[in-house]
Protein chains: 2
Amino acid sequence: MASRKTSIMEAAARVIARRGVRGLRVEELAAEAGVSTALIYYHFKDRTGILRQTLEFINDRAERYTTERDPDAPPPTAREELEQTLLLELQDTVEVRENSTAWGELRASAVFDETLREDLARATRIWVQEVAGLLGVVQPMSSAVALAGAAERLTALLEGLSMRWLSGSLPLAHARTLLTEAIDTEVARLGS
Amino acid sequence: MASRKTSIMEAAARVIARRGVRGLRVEELAAEAGVSTALIYYHFKDRTGILRQTLEFINDRAERYTTERDPDAPPPTAREELEQTLLLELQDTVEVRENSTAWGELRASAVFDETLREDLARATRIWVQEVAGLLGVVQPMSSAVALAGAAERLTALLEGLSMRWLSGSLPLAHARTLLTEAIDTEVARLGS
DNA sequence: GTCTATACCAAGATAGAC
DNA sequence: GTCTATCTTGGTATAGAC
């Protein structure tokens with residue numbers, strides 16, 4: 001059963017996707033969630049609390065959709081798993097949009113806010129390592145350094161493509177094509 | 001002779017680099033420029049005017065540093081010119097920082113602001129075409145589609161690496177290495 | 001836990017003198 | 001063109017009743 005607090009965080013995720021972290025107005029959030037502003041302060045203490053907890057909430061959700069796979073589907077090959085993991089972030093679904101938007105906001109905010117940098121750097125490191133791990137299964141003969149480099153390039157490219165998509169500079173289908181080709185290229189590079 | 005208005009825009013560029021487009025406070029800008037807030041409104045009409053004109057100003061400056069080359073240096077090969085053009089954006093100088101920061105802010109803002117999208121998409125298109133042109137000189141046998149794809153990947157990667165650098169997730173030297181390797185890979189890909 | 005009403009403040013913007 | 005002083009607003013946060 002979704003608690004009231006959870007439904008406020010769901011509403012907050014929608015508002016953030018629409019207005020950004022820095023554009024979130026407590027009043028708009030209250031309207032979106034169908035509650036009073038006072039209730040929001042009761043649950044979250046202050047604006048920063050709303051942001052902190054909602055970002056955490058969004059992150060947890062993302063972990064779920066990144067990990068979950070259809071249990072009836074045949075187990076994917078390593079290469080398929082790599083592609084799926086990366087392409088998952090370039091999909092026009094509510095959850096992905098909300099997550100990517102929040103991630104982009106976090107990245108942009110960290111440029112000016114020291115306090116965000118450590119968390120963001122750690123999350124980035126984990127994400128890079130995960131991709132490096134998948135690449136290592138596809139190309140087991142590669143050195144750790146080469147794998148890390150390829151993973152850094154692919155995830156940084158993905159962030160760049162994602163921002164272009166969200167900001168209306170690049171159609172989603174084209175972004176997916178470009179990323180797929182980059183995966184091909186990086187895998188080939190590791191194999192040579 | 002730099003006019004007062006110009007010196008306010010220079011100050012605005014510094015404030016934007018420090019606080020971001022959305023963090024720019026007119027009062028802080030006034031202090032930075034050593035003038036009153038009233039004077040700023042006299043010259044720029046309103047906050048939006050400050051932003052519009054300063055972003056244009058920064059863009060012009062960027063065009064200059066991207067184009068300018070040491071006249072005494074030997075003319076670069078096509079490959080060198082390609083590398084220089086891209087790596088120029090990954091340098092720790094005041095101008096590049098200000099420009100990259102502004103660009104990142106613009107990109108992030110456009111996710112929530114329709115009115116910015118058209119300009120941004122056009123600027124992106126021009127930038128991609130310029131890089132595609134340079135790639136075409138390096139690999140003249142490539143198809144236009146292949147050149148465009150490589151240019152889109154390289155510029156999107158550059159944006160991603162730049163944001164990671166500015167947000168403290170990636171040391172500058174490493175970002176440069178990753179980009180150089182990506183250029184190698186894309187050029188090789190076009191040649192095969 | 002949840003609301004209505006409101007205090008409070010930071011920041012954008014303007015009036016009017018020089 | 002430039003300043004000091006001030007108005008105004010939009011947005012965060014709280015008091016107090018239910």
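Begin by selecting residues 25–44 of chain A, the span to which UniProt, in an unreviewed entry, assigns the feature "DNA-binding region"; UniProt positions are given here in the numbering used for the model, feature names are shortened, and annotations may be inferred rather than shown by experiment. This is a predicted model, in which local features need pLDDT of at least 70 and side-chain atom pairs count only at pLDDT 80 or more, while totals for chains, interfaces and linings use all residues. Residues are numbered from 1 along each chain as its sequence is written, chains are lettered from A and ligands numbered from 1 in the order in which they are written, and side-chain values use heavy atoms, with hydrogens and water left out.

With residues 25–44 of chain A still selected, colour by secondary structure: the span is 80% helix and 0% strand, and its end C-alpha atoms lie 14 Å apart. Helices (H or I, at least four residues) and strands (E, at least two) are DSSP runs, numbered from the N terminus. Next extend the selection to residues 2–62 of chain A, which UniProt lists, again in an unreviewed entry, as "domain: HTH tetR-type". Over residues 2–62 the chain is 79% helix and 0% strand, with the end C-alpha atoms 18 Å apart.

Now show the whole of chain A, which has 9 helices and 0 strands, so that the order of elements from the N terminus reads α-α-α-α-α-α-α-α-α. The C-alpha trace of chain A spans about 60 × 40 × 30 Å along its principal axes.

Within chain A, select helix α5 (residues 78–87) and helix α9 (residues 172–191), which pack at an angle of about 140 degrees with their axes 11 Å apart. Axes are lines fitted to C-alpha atoms, for helices over the stretch in contact, and angles run from 0 to 180 degrees between N-to-C directions. α5(A) and α9(A) are therefore oblique to each other, given that angles under 35 degrees count as roughly parallel, over 145 as roughly antiparallel, 65 to 115 as roughly perpendicular and the rest as oblique. Their crossing is right-handed; a crossing is left-handed if the near helix is turned anticlockwise from the far one by less than a right angle, and right-handed if clockwise.

Display the side chains of R79(A), L82(A), E83(A), L86(A) and L87(A) on α5(A), together with R176(A), L179(A), T180(A), I183(A), D184(A) and V187(A) on α9(A), which make the contact (heavy atoms within 4.5 Å). By class, this contact of α5(A) with α9(A) has 6 nonpolar, 1 polar and 4 charged residues, where Ala, Val, Leu, Ile, Met, Phe, Trp, Tyr, Cys and Pro count as nonpolar, Asp, Glu, Lys and Arg as charged, and the others, Gly among them, as polar.

Move to chain B and select helix α6 (residues 94–110) and helix α7 (residues 114–138), which pack at about 130 degrees with their axes 9 Å apart. That angle makes α6(B) oblique to α7(B), and the crossing of α6(B) and α7(B) is left-handed. The contact is made by W103(B), L106(B), R107(B), S109(B) and A110(B) of α6(B) and by L116(B), R117(B), L120(B), A123(B) and T124(B) of α7(B), and these residues divide into 6 nonpolar, 2 polar and 2 charged.

Finally, superpose the chains: chain A can be laid on chain B with an RMSD of 0.1 Å by a turn of 180 degrees and a shift of 0.0 Å along the axis, the fit being by least squares on the C-alpha atoms of residues with pLDDT of at least 70 in both. That is the relation of a two-fold axis. The same surface serves both copies, since 98% of the contact residues of chain A recur in chain B.
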